[in-house]
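Me: Please take a close look at one part of this structure for me, namely its charged side-chain pairs, and then set the cysteines and the surface charge beside them.

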Amino acid sequence: MEWLSALTGAIDALVGPVFLALQWVLLAYVLVLQFASVGLCWFAFRALRRYRDRRRFNLLPLSHGEFNLPISLLVPAYNEAAGIVASVRSMLQIDYPRYEIVVINDGSKDGTLQELIRHFGLQVFPEAIDQPLPCAEIRAIYRSRRYPNLRVVDKANGGKSDALNAGINCTRHGLVCVVDADSILRRDALSRVVKPFVDDSRVIASGATIAIANGCRISGGQLERIDLGRGFLARMQVLEYIRAFLIGRLGWTLPNTVLIISGAFGLFGRRVIIESGGYRTNTIGEDMELIVRLHERYRLRGAPYRIASVPEPLCWTEAPESLSVLRSQRTRWQRGLAESLMLHRRLLLHPRSGQLGWIAMPFFVAFELLGPVIELFGYVALLVGAVLGWVQWTGFLAMLLLALSLGFMISALALLLEALASGLYPRPRQIAVLAAMALAENLGYRQMVSLWRLQGLWRWMRGKQQVWGTMTRTAALGEAAGPPAPAP
């Protein structure tokens, strides 16, 4: 048996240094990620302070009367009969002088169009439209007899991107605001999100913080009480959204490197979208792809522009409360990320891409695109090495505790930013629940989401078609009863 012990010793001598080097590489990866996250927190704090200072010293009201920029609200809807009426009622109550609502019924099969006709008194209105963007057949355009700023476009099914292109073709105003059909807007949402356009003529797009509606009380299309959801998944997503929008969005605002504006609520210049070719219909993450394409178009041409982010929650949306729908959402997001980065990969380290191509793009590739691969590989490799004796258990546990503690610190900083930005959850019980979620997410939830993201990356590599999944409504958006205020 001497040969066996000799072979074992040779393997240990060969593999031991490899695992030691692997530990140092993973440690460096974790530290770089956390230091970068702390840097984003600092940029987010500066952007928040600048926003608060401007709002404090702005002597003009948010609504400038007839001098405000007119906006077209685009609401793509596919099988949204359960919540479309409440959403439209919410939008009809927005406090803004000049805006229109264009609902695009994308070939729904559940009676979405019939619900809109019944509640808002729609009738067919012959209308000649220009079509600068290709889209599926537009069957009819409806106008409301009671609300002159409400129109509904009925078209053949073509997907969300195609519906948005059809809506852009039918709009009348120079700014278009994209809103999901399952969203509820604050009364002052348009006044807030249009502010960057008013302050800076270079702004071509503006987004805002999206909040979770699960657990909130909404009636007649308006938010009455803010609270956390009752289920574990809903509460976990509240923490994720806070961290994503106040660090992952706001932190990239100052260097003008925001790579995504949520498809649930975003304001764009109509001419900018048309000149860029509209929304791509062959991608799953149309919201991020459009933003990255705008960056590429303006950066490489050397044209001045800015993409802004408002640190206030202006839009409330329902989050999935089942594992199947959440899994479909996260695999779709990861695939959309991969598509967007690869379609515009020439931005990466391009001489004219500036901070976008030399800082933001490498960060998203290393920590967002490849993050689940490296994270899951690190867990498995270190665990196997510890079991076989190639990694000391003390080193494995120290590495794990370091990653968990740093992750909790970033979540705590995100909660602090939320308290400074809006303070949606001021009660001690709510703060305690979110702090508990920040600890609990590292005990299985984070690893599960990383596995789903890895599946989305694998599906993208294989070119497999993405399934969107069916969103099961939980009445988070409230009842449709009650007439909205008269439209302007």
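Reply: In this predicted model, a good place to begin is the pair Arg-192 and Asp-188, whose side chains meet in a salt bridge with N and O 3.1 Å apart. Both Arg-192 and Asp-188 are buried, and the two belong to a network of salt bridges that also links Arg-186 and Glu-312. In the structure as a whole there are 27 salt bridges, and two others deserve a description beside this network.

One of them joins Lys-160 to Asp-180, with 2.9 Å from N to O. Lys-160 is part of helix H4, which covers residues 160-170, whereas Asp-180 sits in the loop between strand S6 (175-179) and strand S7 (183-185), so this salt bridge ties together parts that are 20 residues apart in sequence. The two partners fall into separate classes of accessibility: Lys-160 counts as partly exposed because its relative accessibility is 23%, while Asp-180, with a relative accessible area of 19%, is buried, since the limit for that class is under 20%.

The other salt bridge is formed by Arg-118 and Glu-115, whose closest N and O atoms are 3.0 Å apart. Here both residues lie in helix H3 (residues 112-120), three residues apart, which is about one turn of the helix. Arg-118 has a relative accessible area of 56% and is therefore exposed, and Glu-115, at 21% relative accessibility, counts as partly exposed.

Turning to the cysteines, the structure holds zero disulfides. Cys-170 is in no disulfide, and the nearest cysteine sulfur, which belongs to Cys-135, is 7.1 Å away; a disulfide would need the two sulfur atoms within 2.5 Å. Cys-170 is also buried, with a relative accessible area of 2%. Cys-315 is likewise in no disulfide, the nearest cysteine sulfur being that of Cys-177 at 8.4 Å, and with a relative accessible area of 0% Cys-315 is buried as well.

Finally, there is the charge on the surface, where Arg-46, Arg-49, Arg-50 and Arg-54 gather in a patch of positive charge. Among them, Arg-54 lies in helix H1, which runs over residues 2-57, and Arg-54 counts as exposed because its relative accessibility is 53%. To return to the starting point, the salt bridge between Arg-192 and Asp-188 has two buried partners, whereas Arg-118, in its salt bridge with Glu-115, is exposed.

Definitions and conventions
Residues are numbered from 1 along each chain as its sequence is written. This is a predicted model: local features need pLDDT of at least 70, side-chain atom pairs count only at pLDDT 80 or more; totals for chains, interfaces and linings use all residues. Side-chain values use heavy atoms; hydrogens and water are left out. Patches are made of residues with over 30% relative accessible area and no salt bridge: like charges are joined within 9 Å, nonpolar side chains (Val, Leu, Ile, Met, Phe, Trp, Tyr) within 5 Å. Accessible areas come from the Shrake-Rupley method with a 1.4 Å probe; for residues, only the protein chains shown count as cover. A salt bridge is a side-chain nitrogen of Lys or Arg within 4 Å of a carboxyl oxygen of Asp or Glu. Lys and Arg count as positive and Asp and Glu as negative; His and the chain ends are not counted. The place of a charge is taken as NZ of Lys, CZ of Arg, CG of Asp or CD of Glu. Helices (H or I, at least four residues) and strands (E, at least two) are DSSP runs, numbered from the N terminus. Buried means under 20% relative accessible area, exposed over 50%, partly exposed in between (1.4 Å probe, protein chains only).
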